[in-house]
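Trainee: Please take me closely through one part of this model, the charged side chains and how they pair. Then set that part in the context of the rest of the chain.

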Amino acid sequence: MARSLLLLFSCALALCAIGAPLKEHRFSNGARLLVDEIPHEKRVAIEIWIRAGVSAETTETNGAAHLLEHMIFKGSKRHPSGTLDRTLETKGAVLEASTERDWTRYSTTIPATHWEIALRLILDHVLEPLIPSEELERERQVVAKHEYALSDSDPVKRMRQSLYSEAFKETPYARPVLGDKTVLNSLSRDTILQFHQRNYLPAHMLILLSGNADMARAQQVLKSVWESGEEARENDASATSVLATNTGIQSVNITPSLRFPLQARGTGLANRVMPSVAEASAVANRVMPSVAEASAVRFMSLPPRPFTWTGREYIPRSRGTKEGNLTERETSPAVSDSVERLVWMTEKTGRYGVGGLGIRVPEASSAEAVLVGLILKEILCDPVHGVFFQKKQEERLFRSCTSDYLPRFSQGLITCVFDTEPQQLNALEKEIRANFLQLPDALTLEQFQRAKQRLQIQQEWLRKDLTQWARQAALYECLELSDLSQNWQTELDKLTFEQFLRRMFPEVEPRAGLDAPIRTLPAPPKRSREPIPPQTRILANGMKLLAMPEPNEEGISLHLLIRLGLAEEQDFSPGIGALIAELLFANSENETEGTMPYRIGQTASRVQVIREADYLRIEIYTNEERVDSALSLLVEGVFRARFDSASLNRARASLLWQMNHPKDQGYRQVMEHVRKGLFNSHALSSPLLGTPASIRSISLRELERFYKSFIRPQNVLLIAGGDLDPETILEIARKRFESLESPGAKLAVDTTLPPAIATVSLAQSGTAPAGYWALARYEHAWTPEEYAAALVLSALIGEGKGSALFQALREQQGFGYEIGSFVEVWGGGLGWGAYMQFDSSISQDAKNASEQRFRAIAPEPSDFERAKQIALRRLNLERATLSQRVRRAGQWELLGKGYDLDEKLLKQIETLTWEAVIQQWEVNR
């Protein structure tokens, strides 16, 4: 279970270059193509965004956008159902899709040798979906039962939807993305087809490629798609066009009294109501742009009407005028009191309370507006410097806050979800409102600058992830914010404190002398050298050090791994290790809960404490200038920790909340039930967080005894990776850690387990209404070849839409929603398998029938190549960033497998045979 102790602190690391500007091409049909050419990259991220989200629906069609997203995977006019997923998965990619309020997104990241095939095939399905009636009924039930069950099990998702419903009353943004259940069950195939015809137009489409792709070839691929689509439509006798043939836009069927809002920002195109089909041709030229107009419009949009608010009343804001008048008119915002920008809601579940805060922010009409929303979220919700977190720990009325802000075409909403005791909800609302009311006058330049610096660091990390970078770039381009997409750092630097206050708090008088330059550290000189092999050192106290130089990386990732897993708890109360994880980096010999956050903020950009089944891991991301301070922080926060009753009670409260409202509730609970089934009464069968009874029973004395028994140097590995000189960092680490004492012999821990435990099947787990099944195997001793085979076997069973589990239950029965596979190391052994989530409220007969099919799952040789590519993809994703590579190398070194195991695994998967895989399956049946 991962716990982000302190995330993205204000450390002024040099921001990596964003690279060359995106290349752009506009097609005559209105579609936009953007390419971020990175020749040295081995992959290509594909993003296809369509203005076809919830805001394009009506009350009577709520859920159509999301249901259509499901149907895009179910074949096209030229390819049968299953072709899309099987082709991509065989090439080592998985197509992902999501529906939002303004758009629907389809994306994948694929090896560079296959991006053209993927792009052509995805677009073929997006533009010409088959939408088989039988498949539609099956997916409708999947959404209405199983996907809704997963969403309803998450209190954060429930609260966010409630906040949107309250903040955006009577507008499309208020509707649930999954759709209203009643409406969802009545959506016909014709309705879905009409929604597709109205919205899945090239003029509503943005295609972005990032990686080893080139613009010229991408244009050829898209032209071939448009041409093949036009030819197919000409040959389709059922196709009907009500638009002039010279528009260059795909056919649209218009029904009587159908609202067809088309707005191009800055052009004045207004919402229209089509009175009848007969009159459609007469008004088409006034509503739909010509080819010339379409290419100048940038991006056809379908938003709800923008709005403002006066006092507590919600008032829509007019954007269009009478038909034929293309001038634009808006009412001006009028806010009498800052606090009226807040929406507050509460939810009580048993002994726990959830408070939801919605903060209205400007619509994403400029780079400045988006940055204002991002900075405000940082100022309010950062876990160290945030306004909501500034009170002393003992006075705080909530335990944690989960915040979110996604820029939108119409007014945006920052959502904050707090967990607290039910009796504290009223006091918490009062405090939050008071903090926000005081913000315009109390906010300082330093707080603003710190927030900007944290955003700089977040952008640095995001730019290292090809998939996430492509997603952000596509988002900003869809919002018509090319300046922010391609000049993020420049736009952030331009934003002043005065501009921020004026945009967010226009009713407050501006203060004089607000702005001063942000003081940043100079970037360290870039070293150019040949790769250096990793180096290790063992200190006299038994602590092991490992340095992994990666000259092409910026910054340094430090991981401290401690043998402090479930096995170490066997003579103590379950969950005591989780309490230790909660209490590190709080009180220490030289720091308090009040001073430790400041020290962290001056030392590192990120500190995390993560509990695994076999060990405890602390991660720090810093730079070369601060690495000595970061190592000193590890000594202080880990080896010199001190505990008291007040901090113990707070840690208890935090763990009890996580047990009832886990962020990764499905996966974590499935893994706990799998371990329980595999290991019976062994300590490895215990929950990572313990049980409520055990957590409440742990005394301060037991906590200190456990800490002294296992937090000792001979149980610890320190691994450092990044742009570093290994000799230098090992010497700094030696000076910091060699003085630590290792008193006495370490406690002997019995990790004896059977050589193999063959079967586990759990009928149901999870937080109602979501249940889970899992199929698992365990091998106590394993080789790299067996690990590689486990990766392929788990992909065969439960990874991707071509997997045996997906085909047997989702495709054939419409049963379940979320599926997944896992390969975990427990007790030094290897656990692997697959799981599926479902609606636990369905009939027992349906459960029994599906469970029988679930138990009969077996791998097929025809799926072997697909599974190999998925396994390679998974392994590469797990080591895609510096932090992940260092983490995995440290894990293997701590477990005695060698830090270079991942390189061996990649080779093992490539050379793996079906005979070796099926032999491992049969051995463990």
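Mentor: What follows deals with the charged side chains, then with a few packing details elsewhere.

This is a predicted model, in which local features need pLDDT of at least 70, side-chain atom pairs count only at pLDDT 80 or more, and totals for chains, interfaces and linings use all residues. Residues are numbered from 1 along each chain as its sequence is written, and side-chain values use heavy atoms, with hydrogens and water left out.

The secondary structure of the protein chain comes to 32 helices and 25 strands; these are DSSP runs numbered from the N terminus, helices being H or I of at least four residues and strands E of at least two. Of the 925 residues, 59% are buried. Buried means under 20% relative accessible area, exposed means over 50%, and partly exposed is in between, with a 1.4 Å probe and protein chains only.

Side chains of opposite charge can pair when their charged atoms come close. Across the whole structure, a search finds 52 salt bridges, a salt bridge being a side-chain nitrogen of Lys or Arg within 4 Å of a carboxyl oxygen of Asp or Glu.

Lys74 and Glu135 form one of them, at 3.9 Å from N to O. The pair links distant parts of the chain, 61 residues apart: Lys74 is in the loop between helix H1 (64-71) and helix H2 (83-90), and Glu135 is in helix H4 (residues 133-152). Lys74 and Glu135 are both buried. They also belong to a network of salt bridges that links Lys74, Glu134, Glu135, Arg138, Glu139, Arg810 and Glu811.

Another pair is Glu378 with Arg454, where the closest N and O atoms are 2.9 Å apart. This pair too links distant parts of the chain, with Glu378 in helix H11 (residues 367-381) and Arg454 in helix H13 (residues 445-463), 76 residues apart. Both Glu378 and Arg454 are buried.

Arg874 and Glu878 meet in a salt bridge at 3.4 Å, N to O. Both lie in helix H29 (residues 864-878), 4 residues apart, about one turn of the helix. Arg874 counts as buried because its relative accessible area is 14%, while Glu878 is partly exposed because its value is 21%.

Arg175 is buried yet has no salt bridge; the nearest side chain of opposite charge, Glu57, is 5.1 Å away. For charge, Lys and Arg count as positive and Asp and Glu as negative, while His and the chain ends are not counted. Arg175 sits in the loop between helix H5 (155-167) and helix H6 (181-184). Its side chain reaches the backbone oxygen of Glu57 at 2.8 Å. Leaving out residues up to four places away in sequence, Arg175 touches Val54, Glu57, Thr58, Thr59, Asn62, Arg101 and Gln161, where contact means heavy atoms within 4.5 Å.

Away from the charged groups, Trp921 is in helix H32 (residues 914-923). Trp921 is buried, with a relative accessible area of 2%. Its contacts, not counting residues up to four places away in sequence, include Leu775, Trp832 and Ala858. Trp921 and Ala858 are 63 residues apart in sequence and 8.9 Å apart in space, C-alpha to C-alpha.

For the chain as a whole, among contacts between residues at least 6 apart in sequence, 79% join residues at least 24 apart.

Terms used:
A polar contact is a pair of N or O atoms within 3.5 Å; within protein, one must be able to donate a hydrogen and the other to accept it, and residues adjacent in sequence count only if both atoms are side-chain atoms.
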